[in-house]
Amino acid sequence: MIWNEEFETLPREALEALQLKRLQATVERVYVNVPFYKKKFDEQGVTPADIKSLSDLQKLPFTVKNDLRDNYPFGLFSVPMSRVVRVHGSSGTTGKPIVVGYTKRDIDTWAELMARTLTCAGIHRGDIVHNAYGYGLFTGGLGAHYGAEKIGASVIPISGGNTKRQITIMKDFAPTAITCTPSYLLHLADVAKDMGFDPAVDFNIRAGCFGAEPWSEKMRDQLEKIFNLDAVDIYGLTEVIGPGVSSGCLEAKSGLHVFEDHFIPEIIDPETGEVLPDGEKGELVFTSITKEAFPVIRYRTRDITSLNPTPCVCGRTFKRMERITGRSDDMLIIRGVNVFPSQIESVLMDIEGIEPHYQLIVDREGTLDTLEVRVEVNEKIFSDEVKQLESLERKVTNDIKETIGTTCRCKLVEPKSIPRSEGKAQRVIDKRSI
Ligand code: ADP
Ligand code: ZN
């Protein structure tokens, strides 16, 4: 099912005409209302009148996270505060928080986008949605909440944390859908098992939207099996609107449809800033074209992906972005080799006896980078002989070397010894920067 048939299946030509109209209005609005944009456009020698076609977007300057920090907290708002009905901030995964604002209409737009997202995952009126994204300044909780209400589902606004209580509620209220980070779903599974439940049998959940952090296809398989549900990957970032920027679909489970009637995606070469053609991998850039309080022009997300324009079996005409392997900030350069934590996750999840809880410790010995992969094993293996643990450690090291090309040290650790997250998991500890 499609939430907004009219827009989500627009033929490309009509979509592009709409995008151009909306882009022109946005560029005009920020030029007039936000001194930061006026200054940058003037420096680049471009005015709103120069945007005559979609390709003219490339004439505009990029916006980066530091621009948001420099204008902290409200400097980039393009409406007076009297029209701002809500503010949110990034969860601060990477440095000082950034602040964004929403008008009443922005909140409606966001609810619409999250209604589309939930529908993409097969969640409808009549569903009971266990919303375990954090409520607060973080966009996840309230974003999913408004979307779920808009489709007419019943929301349990449980937020993150207090995990045992979440399990009791999951049993008693029998939610049919769940929204949270993939790492928190994994944690919920573990706690449920400890409490004597089999999530596939004892709970009623059949669908879920998971995102806010990178996860692998292997992790999707595993989570679907544990809970006997359909898991859809959802993507968004505070700077652009929060969740609801793009969503996977139940029908294809391959890539995430970018809601292009609200956001124009571009892929650029992160080194040169050059725009790359569809299919090529690079840094994802967004221009929001309907937001009032906090529009962004060519915002560099630092997320690495590619765009796929081929039609999807679900009928949506929006381009799909590939699953995000990791943000460029998370990319580890270990002795010259680029490594994303999610690549290591994929290797680990193929090994029997290994649990999907891991942490990567990066350090430097002399001038040499070192990578330690700390990963949990199951109870049975942990209590086995030392010899077995050693041979499993060798297997992990070899498999990582073979698939990724990086030499690492593997340390198998006791079940439940790696810290669990209630929101985004912290997979990397980089001691080189301390
Ligand atoms: P913070 O920047 O503090 O983490 P946000 O919640 O705005 O706060 O984080 C947005 C970022 O989260 C994205 O830029 C991206 O790196 C990551 N992210 C969100 N959804 C996904 C997803 N489905 N897959 C991979 N990464 C994601
Ligand atoms: Zn689709």
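The exercises below deal with a zinc site, aromatic pairs and nonpolar cores in a predicted model.

Residues are numbered from 1 along each chain as written, and chains are lettered from A and ligands numbered from 1 in written order. Local features need pLDDT of at least 70, side-chain atom pairs count only at pLDDT 80 or more, totals for chains, interfaces and linings use all residues, and side-chain values use heavy atoms, without hydrogens and water.

**Exercise 1.** Identify the protein donors of the zinc ion (ligand 2) and place Cys249 and Cys312 in the chain.

Step 1. Donors are N, O and S atoms within 2.8 Å of the metal (3.2 Å for Na, K and Ca). Cys249 (SG), His257 (NE2), Cys312 (SG) and Cys314 (SG) qualify, at 2.1 to 2.3 Å from the zinc ion.

Step 2. Their spacing along the chain reads C-x7-H-x54-C-x1-C.

Step 3. Helices (H or I, at least four residues) and strands (E, at least two) are DSSP runs, numbered from the N terminus. Cysteine 249 is in the loop between strand S8 (242–247) and strand S9 (256–258), and cysteine 312 is in the loop between strand S13 (307–308) and strand S14 (320–321), so the pair ties together parts 63 residues apart in sequence.

Step 4. Cysteine 249 and cysteine 312 are both buried (under 20% relative accessible area; exposed is over 50%, partly exposed in between; 1.4 Å probe, protein chains only).

**Exercise 2.** Classify the ring pairs of tyrosine 31 with phenylalanine 41 and of phenylalanine 36 with tyrosine 37.

Step 1. Rings of Phe, Tyr and Trp (its six-membered ring) pair if their centres lie within 6.5 Å; planes under 30 degrees apart are stacked, over 60 edge-to-face, the rest tilted. The structure holds eleven such aromatic pairs.

Step 2. Tyrosine 31 and phenylalanine 41 are stacked, with 6.0 Å between centres and 15° between planes. Tyrosine 31 belongs to helix H2 (residues 12–33) and phenylalanine 41 to helix H3 (residues 35–44), so this pair ties together parts ten residues apart in sequence.

Step 3. Phenylalanine 36 and tyrosine 37 are edge-to-face, at 5.0 Å and 70°.

Step 4. Ring pairs join Tyr31, Phe36, Tyr37 and Phe41 into a cluster.

**Exercise 3.** Which residues touch the most other members of the largest nonpolar core?

Step 1. A nonpolar core is a set of buried Ala, Val, Leu, Ile, Met, Phe, Trp, Tyr and Cys residues joined through side-chain atoms within 4.5 Å.

Step 2. Among its 68 residues, Phe41, Ile123, Tyr235 and Phe286 touch the most other members. H2 gives the most to this core, with seven residues.

Step 3. A second, separate core of 26 residues includes Phe210 and Met349.
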